[in-house]
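Work through the following exercises with the sequence and the model at hand. Each task is followed by a solution in steps.

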Amino acid sequence: MKKKWFYLESYVYSKNSNNTLLIYNTLSKKSIKFNNPNILKFYMELIKQQGIIEIQDNELEQEDIKEFVQKIRNTFCGDLIVIDSNQTKPLSLRNHPIIMKDFRKKVKENSLDFSKNVLEYLYEISIHINSECDVSNCDICNYAIKQVDYCFKHEGNTQLDFSNVEYILDSVDNLPNFRKIKILGGNIFKYDKINSVIAKSKGLKTNVEFYINLHQLDFSQLEKFNSKNITVKVLVQGGSSYDYLIKNIAAFNKQNCNLSFNILIDNESQIDVLNKFEHLLSHLNYNVIPIYSGNNKLFFEKNVYLTEDDILELKPELKTIHTNQILNSNFFGKLFITPNGNVYENLNGNCIGQINSSNLAEIVYYNILNGKYWFKKRSSSHDCKNCNYSDICPPISNYEEFFEKNNLCHIK
Ligand code: SF4
């Protein structure tokens, strides 16, 4: 006597939500959807039995189930196997993202001594060294800083003590997974020890980015940043800045340092201007970054909101989906330090420490246990938890934090 077993492959992601079942093959990157109630019922039983279920011949003769099994087999998302009835149920190899969950649990239970290795989870630090800025009639930073890397006039005229900057640079330079240091202001040229920060950065192995508003850029200063590991990120926003940028493209091209331009846009006419000068801009290394000003929702809906095709076009790997089920890879491992020494896991959130009184390992340890943003998942968010794409969609970003709305998409 033989038995038939039907199973889903270990590389297949599936989610049943709102009466629709999504099956996504992480190898072929193809997806299929089902909404037939009999198929959904069969799938729920399949999942209850760990992704492998005994299937009877009479079930396979039912049109709905037959169609489901055929589609799954034809797309290499699963298969039927036949084995002797005296053999035990075959083992299902469905993947589960347990590693980090387990890790957090062990830390909470104090059963893991990881104090030595905690800094492996630190990937990026943004250091706002000062708050002074002399650009008048500019209030962009009030909302830009909450969404993207941008300069900011912090309250009061404070500066981060250079000893703190030195301590941070020294601490992160040899960390195994550390990627980048970002130095921002105010106007960083108003920082007393800016030359020391630049000199110190040149001696590091880590990549360092210095953020300078185009209005504060002094061409004569750019030579100082000439080092393989340093990039000057020039922040460009608004119509008059575009004119200035375009007029000076030749001058920028003559610079020896690594230059990159973050061009912020908040309306359609700015896209037209950039398109018009594309042939000139193509000589520069630049990124166009949308920014929500509070009154350009339509612009965002048209240019930033995701469609179903956009999401599937990202073709996420199984590893990425599992990461999305555990943490937020947009936020995880990043810290922000403001000129008064306050430390944040996200500038939209609350202060989590003080660099004068805690060391980086203590702060990272604290945030692994208590972090809100580092572990902010779509599948736990009110707007996305019932969506089939909650684990596939890109992680929640600061745009969504600023909007206070997690589903910036056209999916209903
Ligand atoms: S943003 Fe949220 S609701 Fe929209 S597709 Fe992604 S997971 Fe679904």
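For sorting residues by character, Ala, Val, Leu, Ile, Met, Phe, Trp, Tyr, Cys and Pro count as nonpolar, Asp, Glu, Lys and Arg as charged, and the others, Gly among them, as polar. The model is predicted.

**Exercise 1. The ligand shell**

Task: List the residues around the ligand and divide the shell into nonpolar, polar and charged.

Solution. Begin with the list: Ile311, Arg378, Asp383, Cys384, Cys387, Tyr389, Ser390, Cys393, Asn406, Asn407, Cys409 and Ile411 surround the ligand. Next, apply the classes. Arg and Asp count as charged, and Cys, Ile and Tyr as nonpolar. The shell then divides into seven nonpolar, three polar and two charged residues.

**Exercise 2. The domains**

Task: State which residues the domain assignment gives to domain 1 and domain 2, and how far apart their C-alpha centres lie.

Solution. Domain 1 covers 2-84 in the domain assignment, while domain 2 is made of 118-295 + 332-376. Between the C-alpha centres of domain 1 and domain 2 there are 48 Å.

**Exercise 3. Two crossing helices**

Task: Describe how helix H1 and helix H3 cross, give the hand of the crossing, and name the residues that meet.

Solution. Take the geometry to start with: H1 spans residues 37-48 and H3 spans residues 63-74, and their axes come within 9 Å, crossing at roughly 60 degrees. The crossing of H1 and H3 is right-handed. From H1, the residues Asn38, Ile39 and Phe42 meet Asp64, Ile65 and Phe68 of H3. By character, this contact of H1 with H3 consists of four nonpolar residues, one polar and one charged.

**Exercise 4. The three-stranded sheet**

Task: Give the strand order of the open sheet of three strands and explain why one side of E5 and of E6 is left without a neighbour in the sheet.

Solution. The order is E5-E1-E6, with antiparallel pairing. E5 (52-55) and E6 (78-84) stand at the edges and each has a single partner strand, so one side of each lacks a neighbour in the sheet. On average, neighbouring strands of this sheet are turned by 30 degrees against each other, direction ignored. Now look at one pair: four bridges join E1 (residues 2-8) to E5 in the antiparallel sense. Lys4 has Ile55 in E5 as its bridge partner. Finally, add the helix: H3 packs on the sheet, where it touches E1 and E6, and its direction makes about 105 degrees with that of E6.

**Exercise 5. The nine-stranded sheet**

Task: Give the strand order of the open sheet of nine strands, then follow the pairing from E13 through E7 and E8 to E9.

Solution. The order reads E12-E11-E10-E9-E8-E7-E13-E14-E15, and the pairing is mixed. At the edges stand E12 (286-290) and E15 (351-354), each with a single partner strand, so one side of each has no neighbour in the sheet. Neighbouring strands here are turned by 25 degrees against each other on average, direction ignored.

- E7 (residues 124-128) and E13 (residues 334-337) run parallel and are joined by four bridges; Ile125 has Leu335 of E13 as its bridge partner.
- E7 and E8 also run parallel, over five bridges, and Ser126 stands opposite Lys182 in E8.
- E8 pairs with E9 (residues 207-213) in the parallel sense over four bridges, with Val208 in E9 as the bridge partner of Ile181.

As a last step, place helix H6 (residues 162-172): H6 lies across E7, E8 (180-184) and E13, and runs at about 170 degrees to E7.

Notes
Residues are numbered from 1 along each chain as its sequence is written. This is a predicted model: local features need pLDDT of at least 70, side-chain atom pairs count only at pLDDT 80 or more; totals for chains, interfaces and linings use all residues. Domain bounds come from an automatic or database domain assignment. A residue is near a molecule or strand if its C-beta atom, placed from the backbone, lies within 6 Å of it. Axes are lines fitted to C-alpha atoms, for helices over the stretch in contact, and angles run from 0 to 180 degrees between N-to-C directions. A crossing is left-handed if the near helix is turned anticlockwise from the far one by less than a right angle, and right-handed if clockwise. Two residues are in contact if their C-beta atoms, placed from the backbone, lie within 7 Å. Two strands pair if DSSP finds at least two bridges between them.
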